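Me: Please take a close look at one part of this model, the surroundings of the bound ligands, and give the cut-offs behind each term.

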Amino acid sequence: MSVLVYTESEEGKFKKVAFEVASYAKAVADQMGTTVTAITINADEVSELGTYGVDKVLKVNDSKLDTFNAKVYADVIQQAAEKEETKVVVVSSSADSKYLAPLLAVGLDAGYASNVVEAPTSASPFTVKRTAFTNKAFVFSTIETDVKIVGVSKNAFGLKENSASAASEEFSPSIPESGVQVESVDKATNTVTIADAEIVVSGGRGLKGPENWGMIEDLAEVLGAATACSKPVSDLGWRPHGEHVGQTGKPVAANLYIAIGISGAIQHLAGINASKVKVVINTDPEAPFFKAADYGVVGDAFEVVPKLTEKIKEFKAQNS
Amino acid sequence: MKILVCISHVPDTTSKINFTDGDSKLDTNGVQFVINPNDEFGLTRAMWFKEKQGASVDVVNVGGPETEPTLRKALAIGADTAIRVNTPATDGFAVAKQLANVVKEGGYDLVIAGRESIDYNGGMVPGMLAELIGANFVTNCISLEVEGTNAKATREIDGGKESVSTSLPLVIGGQKGLVEESDLRIPNMRGIMQARKKPLNVVEPVEATKETTTVKFEKPEPKGSVKMVSPDNLDELVNLLHNEAKVI
Ligand SMILES: Cc1cc2nc3c(=O)[nH]c(=O)nc-3n(C[C@H](O)[C@H](O)[C@H](O)COP(=O)(O)OP(=O)(O)OC[C@H]3O[C@@H](n4cnc5c(N)ncnc54)[C@H](O)[C@@H]3O)c2cc1C
Ligand SMILES: Nc1ncnc2c1ncn2[C@@H]1O[C@H](COP(=O)(O)O)[C@@H](O)[C@H]1O
């Protein structure tokens, strides 16, 4: 009966979203008068989950699960849900969770709502609020099936501390074959990814050329941020395609999005609107982005950005 | 190879979104509908399969008669036959059920859908469809090659990309990268003329129960106006980000 939450890890360590979805699962469990069980796959140390309200951990450790495979992971989570007789499964909005959730939904005969931004507005009927129309609206949906899957939008619910003891238990599901084999993974190491980042520093065509990205990287570094760019910038080959954000690129749901030399076209905003706080630096006071921003600086990026980097360095030095 | 491209009929991103009937329905007044951008990339990739290795390409939409212009556009771009499953798209699962039936009836080997639609942004239909028909599934797909019954694909992952090998029958959730924007085809006059004569088959739905129900829509709170900070006073910006926005 408990709420089951899939808490993702990478190289043994929990991703930050793991704590957010655990916090969310705790809120759902409280509404339903039940407990939270987490399932972890190849995570090393799981007791931390207790801090976010997890009562029990099903700990799966198997070298066959070292590489993410949606079909296999969905199957493993399904076995955990069946064992726990779960009525609600909570997952994140990471690329991996979005890949596996529809498969899990069919496996469990469960209705699935993705991009959910709040705790259920009611437990019966089970009603959630999710984003739609590229963040231009919200939709309230009820999930009508006996078992339900909720995909929580990143940075929408936040972390809520809630101490529980998180008793852990080894779980050894059967591992199915998959018809999709991962041949190779090409992943930048040591850089913050747009998906994981709390802060994203993004540059547009206003930066004139790839040789000017040093100052973007410097600002990102002092903030511990990921770097991103507008579409023309990746189309021109100034930055790798994986950095392109917007409607046709990666979605960004950061706490802070800093847009530098980006005009704020609607297709760009469609992908970044879910970010909490937006700062815009642009020479043109009429740039549409200012209408979507929380803080704006009208000025030349080449002067403002290096200065801002220095100011933040000073601030960090004082506050550490 | 028999290819089916799933076409979602969605409001163009630049459309203003409003609701009617006590905020329970999208107000389609003045809304421009288009082929979902992710599906447009898939459709062009399908045309390349057809031209380079021989394949038939059908397109399908689950929806009411209002989606037919969007299907005609896909025919004008080069699809052979369009299928419209005559039922409103109520939720991701119900749509996937209808599509599963079309795939079974038509014996398709490869189904190209989009990673997500830009209306409900669910990212649900392709995965559910794959699971319902027992096909392999690769999403966030940025390249796809098929040789015989073997397929190789590249997909975007958080922070990079991944190459996978798999086999038909296969469903993909495609996106930009499958082809580039400059490769996208715009219907020309000849295509539009031919599309008028191509079959657009309306089929009746199979029974499918939806699993989720839309209760109502809501627009976000109007945003407060932007706070401007002088470029000579960036300390103030740092201060606001720390003390007011609490993001650094
Ligand atoms: C179907 C479709 C999908 C699209 N998808 C996306 C998408 O996913 N993502 C995306 O980003 N775009 C997308 N676009 C493109 C989008 O419409 C815009 O063309 C694009 O976002 C503009 O990029 P930009 O702001 O970098 O460049 P520009 O519009 O050229 O803006 C450059 C800005 O830099 C400012 N500037 C110039 N010099 C300086 C300086 N020294 N200091 C500070 N500021 C300066 C200028 O005032 C201007 O505002 C899409 C378009 C279409 C039609
Ligand atoms: N009503 C529909 N008819 C046909 N295909 C659809 C429909 N809805 C969604 N799809 C396909 O599924 C993909 C993902 O949609 P969604 O799950 O709604 O985000 C779309 O890009 C389409 O390829």
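Reply: What follows covers the two ligand sites and then one helix pair.

This is a predicted model, in which local features need pLDDT of at least 70, side-chain atom pairs count only at pLDDT 80 or more, and totals for chains, interfaces and linings use all residues. Residues are numbered from 1 along each chain as its sequence is written, chains are lettered from A and ligands numbered from 1 in the order in which they are written, and side-chain values use heavy atoms, with hydrogens and water left out.

Ligand 2 has 19 residues around it (a residue is near a molecule if one of its heavy atoms lies within 4 Å of it). The closest are Asp39(B), Ser117(B), Gly123(B), Met124(B) and Val125(B). By class, this shell holds 10 nonpolar, seven polar and two charged residues; Ala, Val, Leu, Ile, Met, Phe, Trp, Tyr, Cys and Pro count as nonpolar, Asp, Glu, Lys and Arg as charged, and the others, Gly among them, as polar.

Several polar contacts (pairs of N or O atoms within 3.5 Å; within protein, one must be able to donate a hydrogen and the other to accept it, and residues adjacent in sequence count only if both atoms are side-chain atoms) involve ligand 2. The side chain of Asp39(B) places an N or O atom 2.5 Å from an oxygen atom of ligand 2. For Asn36(B), a polar side-chain atom is 3.0 Å from a ligand 2 oxygen, and for Gly122(B) a backbone N or O atom is 3.3 Å from one. Taken alone, ligand 2 exposes 480 Å², of which the protein buries 94% (Shrake-Rupley method, 1.4 Å probe; for residues, only the protein chains shown count as cover).

Strand E6 (56-62), strand E8 (110-114) and H4 of chain B each supply at least two residues of that shell (DSSP runs numbered from the N terminus: helices are H or I with at least four residues, strands E with at least two). E6(B) gives the most, three residues.

H4(B), residues 125-133, also packs against H3(B), residues 92-106, at an angle of about 50 degrees with the axes 8 Å apart. Axes are lines fitted to C-alpha atoms, for helices over the stretch in contact, and angles run from 0 to 180 degrees between N-to-C directions. The two helices are therefore oblique to each other (under 35 degrees is roughly parallel, over 145 roughly antiparallel, 65 to 115 roughly perpendicular, the rest oblique).

At ligand 1, a backbone N or O atom of Ser263(A) lies 2.7 Å from a ligand oxygen.
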